[in-house]
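Got your viewer open? Let's take a walk through this one, a selection at a time.

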Number of protein chains: 2
Amino acid sequence: MDKSVDVVIVGAGIAGLVAARDLMRHGTEVLVLEARDRVGGRLLNAELPGGQPIEVGGQWVGPGQHQVLALIEELGLATYPTHTAGRHIAEVGSSRSEYTGRIPKVNPLALADIAQTQWRLDRLARQVARTEPWLAPQAETLDSQTFATWLQRTALTAEGRSFFQLITEAVFSAEPADMSALWASFYVGAAGGLDALINVTGGAQQDRVVGGTQTIALAMAEGLGDRVVLNSPVSEIDWDDAGVRVHANGTIVRARRAVIAVPPPLAARIRFTPGLPGDRDQLVQRMPMGRVIKVNVVYDEPFWRTAGLSGQANSDRRPLGTVFDNTPPGGSPGVLVGFLEGRHADVGARLDLADRRAQVIEDFAGYFGSRARNPIDYIERDWAEEEYSRGCYGAFTAPGTLTRFGPALRSTVGPLHWAGTETATRWAGYIDGAAESGHRVAREISSVLVPAVVND
Amino acid sequence: MDKSVDVVIVGAGIAGLVAARDLMRHGTEVLVLEARDRVGGRLLNAELPGGQPIEVGGQWVGPGQHQVLALIEELGLATYPTHTAGRHIAEVGSSRSEYTGRIPKVNPLALADIAQTQWRLDRLARQVARTEPWLAPQAETLDSQTFATWLQRTALTAEGRSFFQLITEAVFSAEPADMSALWASFYVGAAGGLDALINVTGGAQQDRVVGGTQTIALAMAEGLGDRVVLNSPVSEIDWDDAGVRVHANGTIVRARRAVIAVPPPLAARIRFTPGLPGDRDQLVQRMPMGRVIKVNVVYDEPFWRTAGLSGQANSDRRPLGTVFDNTPPGGSPGVLVGFLEGRHADVGARLDLADRRAQVIEDFAGYFGSRARNPIDYIERDWAEEEYSRGCYGAFTAPGTLTRFGPALRSTVGPLHWAGTETATRWAGYIDGAAESGHRVAREISSVLVPAVVND
């Protein structure tokens, strides 16, 4: 059953759905092809015992994320604050401390080192232009080294380096060795600074969405109705200046324009005929996905709260380096969420489920005591195993990539437009960046397509 | 027309053809599926005016490359020495010199710096185990930095750094910033040292193959007969422990084992069902191809020889950084071959043919004088534009990749075996490495498959 529309959109994550919605409102006929049997991409709800939703994918929004906050409001959804009351746990260097506020207790020298390193990173982030980081004066220098090299040169204490490795894993689900220092700087700059990335209150982990973040996608998909087609993995796209023929699961969709709204390494797996220019192909060969296994462990109650703990914990010595209280707003059941990120995800993925579960729960017990050994449920998701994500949270650029191939991130190729959070100029890697990219491609297309039918 | 064989091989480059040949000899039924309308992969002959063959892909073999030299002998092919008589040209730093032998004339300080840097690189290369470089004691340190960082720390003069950037471009068709220092060290070690990589006499550029290197593939394909099927791009492979179903151009081939003998980033573009383990998928997301535009420019005669020049030239200031005399053995017509590598290929690819040709010929004129401005033919190949190579000479690992995902390079996944020069332990990236990998997968398969029919 072949179809013909104005614009075909590949991928029903936030980027694709936002683009579809904007275009539909301008009277443009759209069709969204989604490989999975669901919408939302890297946003996915699961069910807690008792039926409340819990996110196994992206889950937070925060101040400054104007695109996603506007979307949430427009869709009539609500947010609530992440639980933060109580003492947080930090294991950095050889010490363990409990603290409130934003600054873990570490020795003064380490603290000073962390502060000066952050100051230098934030300064760099401001200097790296957001829309075209490859044009920054220091771009070549930063792109020719890994973020690990930059950190090694900048942080002077073992604790400082350890802290920033932990931060990198938590923010990128990748190792400092994986990405160029230019990408790390750009990413920090796109969020408005390191504090915005790592803070709960005042930062990217401040708020949660009532009903789970996937409801953002579900609500948009509902508005799009049968313009969203599930179970339609796109394998090939034939294109010329007049338009595209998109092959998806035995069907061919013709359109004047196409939006590719999947992560760069997955965009690389679509066969384009004619083949894409070398610059674009080289770019997507060099933007791998981070790797994370997200684990929600459920308890009959949030027992740590009674002990005066917030449930927030970080460690540079445990595989489960980053933990938050993920209890639903009503306060029951108790939920702790932890992340195996980067190299810890590698090791975790090689274990079988029982061993991985045992290891994760041992880490929770290490943080919160032996009551953590008696969960009522264990809900995990390994995003690198997902055929249609192949990693999380997002893609990053390997060294030498952004300066050589950065412009190909958003440059259209004939009728092909590129969306997805990795193409954003603010909050790249976040739900907010995905929304930004959806709006951008809709504008790109509206400026060149005279709509076939105008609805308003 | 569906088929069933013991072993299906994806890709009719040297790796795939060698594997097919070895397996066939052991009485194993094989079928090689090749996406292109020709065999040879990154080896390809073109025709000079008058009809003699000239390589637009890989073209040299040298001492120590035992696998490919044995193959050449076995196939009844012959080699002849690369032309070296005369003075070579070197432009390093601000000076231009003409020299004979192996050592360009540069200032003594730069020469000492180049020597000490090479000494350190060769020492490192020896220390990095060839079969499992990720287990070397310095592996983490080397893999967390780019080769650019390592060079910056090691080479102390501007000329020294410039020389090694040129060398890196010439050897890898990539920039020092692109690859991890561990990959660079492994690659040098796999060849037996830097001299082996960069030398003509005594090194990887010593000899050429009569009839062009593609004849190695053509001769093997002839022996395999209708076991090689052209125009069969493989899009999907379904697999389980019992075997594979390979989808190629509307046909399904069933087999007990499959050999994937295409470069890593292209292997990533095959859809496997079930999806491959995260380790394997992350690996192929992080092994991009180098980028090179190879240019053969043809003259009525090798005029530079009369001027006492060898035709060999290098420059750290020209896009066309590496040049050789590529004249056929009979001495006519005169051919110069030059390479736009790494960043120079980026710039070259963005020009249209006429501008690129003009720029290349200006560089030849800069090296060899104004007679270079009157070619009788211009034969170029941009390998990053080729759908079924997407770059040359080979893939490399971005930082953080080899230590985290190195074992997935050769680890079988169910019935899937991985070949290709990037999986070799000696001369990775060369024809020799491709042959090694073909022999290896054939051994892997022969050790587990009892042949259905024994021919001898």
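Before the first stop, one term: the domain bounds used here come from an automatic or database domain assignment. Keep in mind, too, that what you have on screen is a predicted model.

**Stop 1: the domains of chain A**

Colour chain A by domain. Domain 1 takes 2–41 + 213–276 + 413–449, domain 2 takes 45–57 + 79–85 + 204–210 + 290–385, and domain 3 takes 107–197. Now pick domain 1 and domain 2 of chain A: their centres, taken over C-alpha atoms, are separated by 32 Å.

Next, look at where these two meet. On the domain 1 side of chain A, 9 residues are in contact with 6 residues of domain 2 of chain A. Together domain 1 and domain 2 of chain A bury about 580 Å², with 52% of that coming from carbon and sulfur atoms. Select A:Thr213, A:Gln214 and A:Thr215: within domain 1 of chain A, these lose the most area to domain 2 of chain A, and together they make up 59% of what that side buries. Sorted by type, the residues on the domain 1 side of this chain A contact come out as 3 nonpolar, 4 polar and 2 charged.

What about salt bridges between domain 1 and domain 2 of chain A, how many are there? The rule finds 0 across that interface. It does find 2 residue pairs in polar contact there, both at pLDDT 80 or more.

**Stop 2: where chain B meets chain A**

Show both chains now. Chain B brings 47 residues to the contact, and chain A brings 47 residues as well. About 3,500 Å² is buried between chain B and chain A, 35% of it on carbon and sulfur atoms. On the chain B side, light up B:Arg269, B:Gln285 and B:Arg404, which lose the most area to chain A and together account for 20% of what that side buries.

Try the charged pairs next. Across the interface of chain B and chain A the rule finds 16 salt bridges. For one to zoom in on, select B:Glu387 and A:Arg271, whose side chains meet in a salt bridge at 2.7 Å, N to O. The same rule-based search of this interface gives 36 residue pairs in polar contact, both at pLDDT 80 or more.

Which element of chain B gives the most to the side that touches chain A? Select α11(B): that helix gives 6 residues. The residues on this side of chain B divide into 17 nonpolar, 13 polar and 17 charged.

**Stop 3: a hairpin and its parallel neighbour**

Stay in chain B and select residues 234–240 and 243–248, which are strands β11 and β12. They pair in the antiparallel sense over 6 bridges, and the hairpin they form has 2 residues between the strands. Click on B:Glu236: in β12(B), its bridge partner is B:His247. In β14(B), B:Glu236 has B:Arg271 as its bridge partner. β11(B) and β14(B) run parallel and are joined by 3 bridges.

**Stop 4: a small open sheet**

Last selection: in chain B, 3 strands form an open sheet in the order β5-β9-β6, with antiparallel pairing. β5 (60–61) and β6 (79–81) of chain B are at the edges with a single partner strand each, so one side of each has no neighbour in the sheet. Between β6(B) and β9 (residues 207–209) of chain B there are 3 bridges. To see one of those pairings, select B:Thr79, whose bridge partner in β9(B) is B:Val209.

Conventions: Residues numbered from 1 in each chain as written. Chains lettered and ligands numbered in written order. Predicted model: local features only at pLDDT ≥ 70, side-chain atom pairs only at ≥ 80, totals over all residues. Heavy atoms only, no water. Pairing = 2+ DSSP bridges. Helix = DSSP H or I, 4+ residues; strand = E, 2+ residues; numbered from the N terminus. Contact = heavy atoms within 4.5 Å. Buried area = accessible area lost by both parts, 1.4 Å probe. Salt bridge = Lys/Arg side-chain N within 4 Å of Asp/Glu carboxyl O. Polar contact = N/O pair within 3.5 Å; in protein donor to acceptor, adjacent residues only side chain to side chain. Nonpolar A, V, L, I, M, F, W, Y, C, P; charged D, E, K, R; others polar.
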